[in-house]
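Reader: I am new to protein structures and would like to learn how to read one. Could you show me an example and go through it with me?

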Amino acid sequence: MTNKLLAIKKREQFIEEKGIIYLDNVSKVYSKGSPAINGMTLGIGKGEFVFIVGDSGSGKSTLIRLLLRELVASSGSVHVMGSDLAKLRHRQVPRFRRNLGVVFQDFRLLNDRNVYENVAFAQRIIEVPAKDIRRNVPSILATVGLAGKYKAKTNQLSGGEQQRVALARALVNKPSILLADEPTGNLDPKNSWEIMTLLEEINQSGTTVVVVTHNREIVNAMHKRVVTMKKGVIISDEEGGEYIDED
Ligand code: ADP
Ligand code: MG
């Protein structure tokens, strides 16, 4: 078999058998300027824990938004959980997103509602029966260490607690994949560690976890797969990798 055929076969095997995420020569060009992602090929298997690191502007958030299907690739293809995202119809997108949990640096909570309501909201959107919501929400809040805080308004919580609420909301629908874009960017070292430890536990229970971060200390201590991006390309992809110094 030629190298090219071999590569195609490998790619198809990955998509079908193991890969929960596969980007095949993906570029993303915003309306003006050079590509934010430039010919990126990346596979992430079911159950992996992957850090995405790189300078600001290297395309990390663009990658996350492509995986969420908030953006569509300019060229190449993005496969997530067996779907080619460019072929997904608009009305299929909500169902696709049910299997993805996502957290951001700035939490993005509903600040006029309490902790319980923020998490329950995610279940109501997908029409989970009320009696199941009453069981699922306390259970996931206990998992993230917020068992006693149901009634607190989210703007009365510390940053670390707010991120736990966001995490509970991301997880309550039991997604296959959790995407986190700089989840500890607004947290102190202690809370950062607690959130990363929770992400690791979530991964150990079977969820595929992809974490964009600038936290060098945590990346170096956790010995996970580390994908380093620079100017829209992958410059390093190491199992048990370290945060690469740019200078
Ligand atoms: P990172 O998350 O690694 O900091 P981004 O994916 O946010 O990088 O950005 C990658 C590049 O794309 C940057 O040059 C940025 O300015 C550009 N970019 C990001 N979002 C947009 C947008 N909505 N419109 C135009 N350019 C964008
Ligand atoms: Mg970013």
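Author: Gladly, and we can begin with one residue. At 23% relative accessibility, Val102 counts as partly exposed, because buried means under 20% relative accessible area, exposed over 50%, and partly exposed in between (1.4 Å probe, protein chains only). This is a predicted model, in which local features need pLDDT of at least 70 and side-chain atom pairs count only at pLDDT 80 or more, while totals for chains, interfaces and linings use all residues. Residues are numbered from 1 along each chain as its sequence is written, chains are lettered from A and ligands numbered from 1 in the order in which they are written, and side-chain values use heavy atoms, with hydrogens and water left out.

Reader: In which strand is the place of Val102?

Author: Helices (H or I, at least four residues) and strands (E, at least two) are DSSP runs, numbered from the N terminus. Residues 100-104 make up one such strand, and Val102 has its place there. The strand is β6.

Reader: How many Å separate the C-alpha atoms of Val102 and Ile177?

Author: Along the chain, Val102 and Ile177 are 75 residues apart. In space, their C-alpha atoms are separated by 8.5 Å.

Reader: Is Val53 buried or exposed?

Author: Val53 is found in strand β3, residues 49-54. Its C-alpha atom and that of Tyr243 are separated by 7.2 Å, with their positions 190 residues apart along the chain. With a relative accessible area of 1%, Val53 is buried.

Reader: How far apart in space are Leu5 and Asn191?

Author: Leu5 lies in helix α1, residues 3-18, and at 47% relative accessibility Leu5 counts as partly exposed. Leu5 and Asn191 are 186 residues apart in sequence. From C-alpha to C-alpha, their distance in space is 48 Å.

Reader: Now the ligand, please. Which residues are around ligand 1?

Author: A residue is near a molecule if one of its heavy atoms lies within 4 Å of it. By class, the shell around ligand 1 has 2 nonpolar, 6 polar and 2 charged residues; here Ala, Val, Leu, Ile, Met, Phe, Trp, Tyr, Cys and Pro count as nonpolar, Asp, Glu, Lys and Arg as charged, and the others, Gly among them, as polar. The residues are Tyr30, Ala36, Asp55, Ser56, Gly57, Ser58, Gly59, Lys60, Ser61 and Thr62.

Reader: What percentage of ligand 1 does the protein bury?

Author: A polar contact is a pair of N or O atoms within 3.5 Å. An oxygen atom of ligand 1 is 3.2 Å from a backbone N or O atom of Ser58, one is 2.7 Å from a side-chain N or O atom of Lys60, and one is 2.5 Å from a polar side-chain atom of Thr62. Taken alone, ligand 1 exposes 560 Å² (Shrake-Rupley method, 1.4 Å probe), and the share of this that the protein buries is 57%.

Reader: Why is α2 described as largely enclosed?

Author: Lys60, Thr62, Leu63, Ile64, Leu66 and Leu67 are buried in α2. The helix is largely enclosed by the rest of the structure because the buried residues number 6 of the 8.

Reader: What is the phi of Arg69, just after α2?

Author: Most residues other than glycine have a negative phi. Arg69 lies in the loop between α2 (60-67) and β4 (75-80), and is buried, with a relative accessible area of 12%. Although Arg69 is not a glycine, its phi is positive, at about 65 degrees.

Reader: Where are the buried residues of α5 when seen down its axis?

Author: Helix α5 covers residues 130-143, and its end C-alpha atoms are 20 Å apart, which agrees with the expected span of 20 Å for 14 residues (1.5 Å times one less than the number of residues). Its buried residues are Asp132, Ile133, Val137, Ile140 and Leu141. They fall within an arc of 145 degrees (taken from the directions from the helix axis to the C-beta atoms), so they line one face of the helix.

Reader: Which residues are exposed on the other side of α5?

Author: The buried residues of α5 include Ile133 and Val137. Exposed on the other side are Lys131, Arg134 and Arg135.

Terms used
A polar contact is a pair of N or O atoms within 3.5 Å; within protein, one must be able to donate a hydrogen and the other to accept it, and residues adjacent in sequence count only if both atoms are side-chain atoms.
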